[in-house]
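Trainee: I would like a close look at one part of this model, the surroundings of a bound ligand. Please start there and follow the connections outward.

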Amino acid sequence: MRTQVVVIGGGPSGLLLSQLLHVHGIDSVVLERKTKDYVLSRIRAGVLEQGFVNLMEQAGVANRLRSEGFKHDGTLIAFEDESFRIDFREHTGTPVLVYGQTEVTRDLYEAREATGGKIIFNTDDVAIHDADTDTPCVTFTVDGQQQRIDTDFVAGCDGFHGISRQTIPLSVRREYEKVYPFGWLGLLSETPPVHEELIYSLSRRGFALCSMRNENLSRYYIQCSLSDNPDDWTDSAFWNELKRRIPQEFADRIVTGPSIEKSIAPLRSFVTEPMHWGRLFLCGDAAHIVPPTGAKGLNTAASDVHYLHNALREFYETGSSEGIDSYSQNALARIWKAERFSWWFSSLLHRFPDQSDFDLKMQRAEIDFLRTNKAAQKAMAENYVGLPYCWVEPRRYR
Ligand code: APR
Ligand code: PHB
């Protein structure tokens, strides 16, 4: 078999990349280790930057997102019993769109299927060969049969635990990591959201987040210990703890109900450099992870897809390899800023086990500065709605 681009991983990065390549007449094959149902059972954040929405438009996959997504013009930040609002529209002229990542992935699968996209599920032993030459190939097994695809390029969209990043030799690769000493316990329930916008809350007992999927589906999180087991948290223990961590007016109003999902996610900041080796390009979680505070995971993946599909398009349309040569530099320039924002927002809103009295005063002062200072609010809003996609070097394709 032969194709122009082998995409490893059928998560949102791989599917969006493959769909955008298709729109520009570039062939790809997606290899996914799991089944479609498995991929669609993962519950992830649901806040989309405008840049992501634009890419979905370009990919021709934005109909449902446009009709069912909820535009949010701001968010609430709560500290102990007080809350204040950051107005995205006032500061940036742009809202964010609340639409679950599971739905994004479902829409992308439908679009790939409708446009004849080739996706091979249940692939094992995927291996990338000769990525540092102009004739790479990818081998894998499916249904017990070994297969080989010859290709021009390989896009490593296989998430944090994938094989693509490991293919880049250690002599070339440098990894940066920060692991946070707590997790998020998340609960999904078929109840109306407590408020029409998200509430990010810091209390003496730790962080809490009130989020949503739609009018009757709410997603809540509380900071928890990494040694906690979600099965040890009864629904009522969760609701009680959540209520103690948000201002009283919301605690009084919250509608509780049985959980339909409950899980613990660790918090990590991670970046690998470079994101390009020969004809192999990393995209999304394969190259970087952010803590979920600020919901940048999917949005940073989309940013890579923006740079990579434009670079590949430039290569096939003009023969120039300028875009692919500078992919890593361009992608990383934006990724590090999203990493900075997610790290800052996480540091602002969590209780850390080793926080001194001085650290607590600093955290309180920082929140108070954000509450009262328009410039600080504008900086926060610009980062939350998403920094622009720009090229480090001026480029033709935007
Ligand atoms: N071969 C084939 N597929 C693989 C392999 C492999 N060796 N290893 C992993 N995969 C698949 C996984 O099963 C998964 O479906 O790659 C996909 C990677 O998807 P994600 O982990 O969702 O990563 P990505 O597409 O980059 O999406 C980034 O989604 O994961 C969230 O928090 C993340 O929001 C962020 C966004
Ligand atoms: C979510 O809805 O799951 C969500 C929203 C915002 C975040 C993180 C998660 O910052």
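How far does a polar side-chain atom of Gln101 lie from an oxygen atom of ligand 1?

Mentor: The distance is 2.7 Å. Keep in mind that this is a predicted model. Gln101 has company. A polar side-chain atom of Arg44 lies 2.5 Å from an oxygen atom of ligand 1. In Arg42, a side-chain N or O atom is 3.0 Å from a ligand 1 oxygen. The protein buries 91% of the 700 Å² that ligand 1 exposes when taken alone.

Now widen the view to the shell. Ligand 1 is surrounded by 25 residues. Gln101 and Arg44 are among the closest, as are Ser13, Glu32 and Asp285. By class, nine are nonpolar, nine polar and seven charged. Two helices each bring at least two residues to this shell: H1, spanning 12-23, and H10, spanning 297-318. H10 gives the largest share, with three residues.

Next, set ligand 2 beside that picture. Its shell holds 15 residues. The closest are Tyr200, Ser211, Arg213, Tyr221 and Pro292. Look at the polar contacts. A polar side-chain atom of Ser211 sits 2.6 Å from an oxygen atom of ligand 2. For the side chain of Tyr200, an N or O atom is 2.7 Å from a ligand 2 oxygen. Ala295 uses its backbone instead: an N or O atom there lies 3.2 Å from an oxygen atom of ligand 2. On its own, ligand 2 has 280 Å² of accessible area, and the protein covers 99% of it.

Here the secondary structure to follow is strands. S14 (206-214) and S15 (217-224) each supply at least two shell residues. S14 gives the most, three residues. The classes are nine nonpolar, four polar and two charged.

From this shell, move into the aromatic rings. Tyr200 and Tyr221, both among the closest residues to ligand 2, also belong to a cluster linked by ring pairs. The other members are Phe88, Trp184, Phe207, Phe341, Trp344, Phe345 and Tyr384. With ring centres within 6.5 Å as the cut-off, the count comes to 24 aromatic pairs. Take Trp184 and Phe207 from the cluster. Their planes are at 20 degrees and their centres 4.9 Å apart, so this pair is stacked. The pair joins distant parts of the chain, 23 residues apart: Trp184 lies in strand S12 (residues 174-189) and Phe207 in S14. Trp184 and Phe207 are both buried.

Contrast the geometry of Phe238 and Trp239. This pair is edge-to-face, with 85 degrees between the planes and 5.8 Å from centre to centre. The burial cut-off is under 20% relative accessible area. Phe238 has 0% relative accessibility, so Phe238 counts as buried. Trp239 counts as buried too, because its value is 4%.

Finally, rings also meet charges. The charged end of Lys178 sits over the ring of Tyr180, at 5.4 Å from its centre. Lys34 lies over the face of Tyr38, and there the distance to the ring centre is 4.6 Å.

How values were computed: Residues numbered from 1 in each chain as written. Chains lettered and ligands numbered in written order. Predicted model: local features only at pLDDT ≥ 70, side-chain atom pairs only at ≥ 80, totals over all residues. Heavy atoms only, no water. Near = heavy atom within 4 Å. Polar contact = N/O pair within 3.5 Å; in protein donor to acceptor, adjacent residues only side chain to side chain. Areas by Shrake-Rupley, 256 points an atom, 1.4 Å probe, with all protein chains shown as cover. Helix = DSSP H or I, 4+ residues; strand = E, 2+ residues; numbered from the N terminus. Nonpolar A, V, L, I, M, F, W, Y, C, P; charged D, E, K, R; others polar. Phe/Tyr/Trp six-rings, centres within 6.5 Å; stacked < 30°, edge-to-face > 60°. Buried < 20%, exposed > 50% of the residue type's maximum accessible area, 1.4 Å probe, protein only. Lys NZ or Arg CZ within 6 Å of the ring centre and 35° of its normal.
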